[in-house]
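Colleague: Hi! Could you walk me through this model?
Modeller: Happy to, let me put it up.

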Amino acid sequence: MAGALALVTHKQFQVRSKYLSHIVNIQTEVRDPAAVLAACQRLGLPPPVQRTVKLFSGSAAGLAVELPGWRYPLVCETATGSLKYDNYQGAWGDTLQLDQFLQAYACEKAKLEARRRGYSTSEQRLADGSIKLTIQVAGGAA
Amino acid sequence: MTQIIELYVSSTGETRLATRGFTGASCQAASQFLEAALGVQQQEQFTSEYYRTANGVATKLEVCPSLPPS
């Protein structure tokens with residue numbers, strides 16, 4: 001269990017509308033410490049701390065994130081984009097918390113990058129729990 | 001025309017990016033920064049709008065292996 005690499009697998013989204021020109025599925029990699037911090041703030045978690053974490057077996061160094069109810073912290077190795085954790089298949093931490101962190105990270109990372117380029121963004125929570133982020137590149141407000 | 005990038009982030013952190021209002025390869029150029037920032041591209045699809053030029057002329061449709069069914 002220790003050292004498990006979090007894989008974000010592809011799942012089909014329904015994106016159907018006019019004028020779509022290009023659709024890309026992306027496997028999220030956690031590489032940006034600023035976005036990790038923003039994700040923690042968004043979820044009301046303590047700020048991440050750069051340290052070496054002792055897991056049940058072995059250890060991991062990186063940005064340690066304290067997920068609610070998790071026995072061991074989640075470790076974000078931002079140099080490689082991988083996640084290390086030990087939740088014993090859910091017994092030592094609900095995978096839902098990890099999923100929420102990944103969702104928050106992807107949203108915050110996208111917003112950071114969009115703002116860096118001066119683009120406006122708007123966010124909408126959809127009925128299935130997913131988040132739609134609209135980034136205005138040209139021609140009006142998002 | 002309004003040009004936007006739509007990013008759908010699932011409840012498990014999976015992401016899908018779609019561009020809207022672009023013609024031709026400009027959509028790839030516009031969204032490349034986001035693709036690179038988020039992680040690794042798993043799959044890419046082009047719609048008929050991708051093969052449409054700014055003046056509305058469709059091109060290269062016959063050589064598109066990944067064109068989705070209409």
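Colleague: Which residue follows helix 1 of chain B?
Modeller: B:Gly39 comes right after helix 1, and its phi is positive, near 155°. Helices here are DSSP runs (H or I, at least four residues; strands are E, at least two), numbered from the N terminus. This is a predicted model, where local features need pLDDT of at least 70, side-chain atom pairs count only at pLDDT 80 or more, and totals for chains, interfaces and linings use all residues. Residues are numbered from 1 along each chain as its sequence is written, chains are lettered from A and ligands numbered from 1 in the order written, and side-chain values use heavy atoms, with hydrogens and water left out.
Colleague: Where is the kink in helix 1 of chain B centred?
Modeller: On B:Gln32, with a kink of about 45°. The bend at a residue is the angle between axes fitted to the seven residues ending there and the seven starting there.
Colleague: New topic: how many aromatic pairs over all chains?
Modeller: The search finds 5. One of them joins A:Phe56 and A:Trp92, tilted, 5.1 Å centre to centre with 55° between the planes. Rings of Phe, Tyr and Trp (its six-membered ring) pair if their centres lie within 6.5 Å; planes under 30 degrees apart are stacked, over 60 edge-to-face, the rest tilted.
Colleague: Is A:Trp92 buried or exposed?
Modeller: A:Trp92 is buried, at 13% relative accessible area, while A:Phe56 is exposed at 53%. Buried means under 20%, exposed over 50%, partly exposed in between (1.4 Å probe, protein chains only).
Colleague: And which residues make up the ring cluster?
Modeller: A:Phe56, A:Tyr72, A:Tyr88 and A:Trp92.
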